[in-house]
Amino acid sequence: MASLGRFLVISILQGFVLGEHQQNTLNVPQVLLPYVPRGSVHTNFSLKALQGCYLWVSNRPEVASILPLYSNEEEQSVKQLGRKCSKEAIVTAQARLPERQMTEILAEEEVTGMILRSDVFVDIVAKIEIITTTRELLLGEPPEVCHIQAFDTEGNMFSSLEGLEFVWELKTVEGVGSVNAQSVLRFMQFEFSSYETSPEIYSLEAKGSRGNNIVVEPINTGTAIVKATLKDKAFSNVPPAQVKIVVLDNVMLIPGHDVYILVNTSVTYNVIRLRRGKAAVVPMPSSQFEFKLSNTTVAQLDVKKSSVLGVTKGYTKVTLVDKNMLHIQAVHQPVAGVHVVDAAFLGFSIVPHPDWVLQVGVEYDVSVQIYSYDNHKVYITDNIQIKTVFDESYFQVLWSSTNGSFHHVRTLQKGKSILTAVYTSIKILGTDVIYTFDHPISGQQEAEIFEPVVVNPEIILFLGIQLHNRMWPPRTSFNIYWR
Ligand SMILES: *[C@@H]1O[C@H](CO)[C@@H](O)[C@H](O)[C@H]1NC(C)=O
Ligand SMILES: *[C@@H]1O[C@H](CO)[C@@H](O)[C@H](O)[C@H]1NC(C)=O
Ligand SMILES: *[C@@H]1O[C@H](CO)[C@@H](O)[C@H](O)[C@H]1NC(C)=O
Ligand SMILES: *[C@@H]1O[C@H](CO)[C@@H](O)[C@H](O)[C@H]1NC(C)=O
């Protein structure tokens, strides 16, 4: 008994403190419900108070009635103490005249006598709209929910459309290359989706009907129109709502960045499809996709090989076109750029080393690159032939690529050595013809080779102590050996 008393004191104090700081109100100051003719289902809206326990009254119940909704606890006190208050109540549209009507809903707090108010309007629906979070769906990704919102003649949005039946349809977008809407999208019942909805919609769907929310699943690429109509004949002058939904395939081009190629060389494209975080190669040519070049003078497409051959200097875009999208303009499609350029000069690089100061007895990877006049690295293909000469007394060549652009070498002795490379010729693709340049471009690179650094064991010991104290000197490019 004592503890119940303390509980009450605390709750009253809490109520008082909260009441001081934050005005207690209903969840909405105004409610707009649709007028429905006799015989149709009535639309409801739930009014809630933040705290307290209220007695509810509608001053024009013929417009909208109010029914308290008791929580389990409140239900108990209704039974045991005869109290009839609740925190929540259901407003039901009752208006029987097709015009704007209003009632005030008043809620009186049982203990404090504080009165809260919400104005409920019932009006005719003038317009409906379909709302989606996106009009572009990705194939293989989760379905999307479409919602309907309704408006009165002044553009006020209805608070609830629960219980109203809608007819949802899929319409084909007409035009050249159009695809059947039924092959692009499918309506799904909420029960079979991962989404949740209101009890009213579950019960409509269970009856084979549809409410104001629907799940739309993408099944193939293309576009389709989703159309919704209010089912009841009483709404026959409300125009249907429709939205166009695009279903895209989550694909990308590899290489996706711009490439610089030489005349008579080609770059091969791969199409990669992403589905639920996994990537897979789309075999090309395919029935769904094709490549398109924006400039067919600059480059030529080999459909069988998915490759683009440089023909003359210039730029072309390579677009991956989805054949199901031919009837839609400006849809997002993967694009990559190809610059066909002249070879201007050669460059050299070596790993694992940032510069050309090398060490005796170490293996390195040497590559020769071709650059364009505007300093872009050219894409090295198999049919390019580069002749690279290493001085045999300094470098042992362990392996070279056929095109002569990559070499795995070992340094032999200390000293300075000069490497030379010449871009000599190119094999004409699809033939055995080798085209040799009259004035080939060439390049040179100097390399300095040193003996490994030898350090006395005493110094190592000293350095070891330093290391322990975290005072190891900054890293140099030399490894330290001792015997
Ligand atoms: C609205 O509430 C009334 C009374 O609680 C109920 O009979 C009716 O079925 C409800 N309407 C919908 C659409 O659920
Ligand atoms: C490209 O190949 C054609 C033969 O197909 C040849 O006539 C032309 O000179 C070549 N051009 C270059 C820059 O390799
Ligand atoms: C294609 O590229 C060439 C070379 O840059 C240019 O002369 C030509 O106008 C381009 N054609 C089109 C259709 O853009
Ligand atoms: C041509 O050169 C590139 C770049 O060094 C290399 O990746 C490729 O394997 C070479 N191809 C042939 C056939 O030598």
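Helices and strands here are DSSP runs, numbered from the N terminus. With that in hand, the loop between β2 (44-48) and β3 (54-58) is a handy place to start, and Leu 50 is found there. The model is a predicted one, and in it Leu 50 comes out as partly exposed, because 14 other C-beta atoms lie within 10 Å, a count that falls between the limits of 12 or fewer for exposed and 20 or more for buried. Leu 50 also has company from elsewhere in the chain: its C-alpha atom and that of Asn 27 are separated by 7.6 Å, with the two positions 23 residues apart along the chain.

Stepping back to the whole chain, the secondary structure adds up to 4 helices and 35 strands. Of the 483 residues, 27% are buried. Among contacts with a separation of 6 or more, 66% are between residues 24 or more positions apart.

How confident is the prediction, and what is the average pLDDT of the chain? The average is 86, and 88% of the residues score at least 70. Both ends of the numbering tell another story. Over residues 1-21 the pLDDT stays under 50, and the model has 3 contacts beyond four places in sequence for that stretch. Residues 458-483 also stay under 50, with 14 such contacts. Where pLDDT is low, the predicted coordinates should not be read in detail.

One of the helices is α2, which covers residues 72-81. How many of its 10 residues are buried? The number is 0, so α2 lies largely in the open. Just after this helix comes Gly 82, with a positive phi of about 75 degrees.

Now for a sheet. Four strands form an open sheet in the order β9-β15-β14-β11, and the pairing is mixed. At the edges sit β9 (136-138) and β11 (166-172), each of which pairs on one side only. On average, neighbouring strands of this sheet are turned by 30 degrees against each other, direction ignored. The mixed pairing shows up around β15 (residues 241-248): this strand runs parallel to β9, and 3 bridges join the two. Within that pair, Glu 136 stands opposite Val 246 of β15. With β14 (residues 222-230), on the other hand, β15 runs antiparallel, joined by 7 bridges. Here Ile 225 stands opposite Lys 244 in β15.

Further along the chain, strand β31 (residues 406-411) gives a neat look at two faces. In a regular strand the side chains alternate between the two faces of the sheet. For β31, the covered face holds His 407, Val 409 and Thr 411, while Phe 406, His 408 and Arg 410 are on the uncovered one. Which strands pair with β31? One is β28 (residues 363-371), antiparallel over 5 bridges. Another is β30 (residues 395-400), also antiparallel and also over 5 bridges. His 408 turns up in both pairings: Asp 365 stands opposite His 408, and His 408 is likewise the bridge partner of Trp 399. The hairpin of β30 and β31 has 5 residues between the strands, and Gly 404 in this hairpin takes a positive phi near 75 degrees.

That same region leads to the ligands. Which residues surround ligand 4? They are Ser 367, Ile 380, Asp 382, Ser 401, Thr 402, Asn 403, Ser 405 and Phe 406. By class, this shell splits into 2 nonpolar, 5 polar and 1 charged. Phe 406, part of that shell, also belongs to the uncovered face of β31.

Ligand 2 has Val 263, Asn 264, Ile 426, Ile 428 and Tyr 435 around it. Its shell contains 4 nonpolar residues, 1 polar residue and no charged ones. Around ligand 3 are Asn 295, Thr 297, Val 298 and Gly 314. This shell divides into 1 nonpolar and 3 polar residues, and again no charged residue is found.

Methods: Residues are numbered from 1 along each chain as its sequence is written. Chains are lettered from A and ligands numbered from 1 in the order in which they are written. This is a predicted model: local features need pLDDT of at least 70, side-chain atom pairs count only at pLDDT 80 or more; totals for chains, interfaces and linings use all residues. A residue is near a molecule or strand if its C-beta atom, placed from the backbone, lies within 6 Å of it. Ala, Val, Leu, Ile, Met, Phe, Trp, Tyr, Cys and Pro count as nonpolar, Asp, Glu, Lys and Arg as charged, and the others, Gly among them, as polar. Two strands pair if DSSP finds at least two bridges between them. Axes are lines fitted to C-alpha atoms, for helices over the stretch in contact, and angles run from 0 to 180 degrees between N-to-C directions. Two residues are in contact if their C-beta atoms, placed from the backbone, lie within 7 Å. pLDDT is the predictor's confidence in each residue, from 0 to 100.
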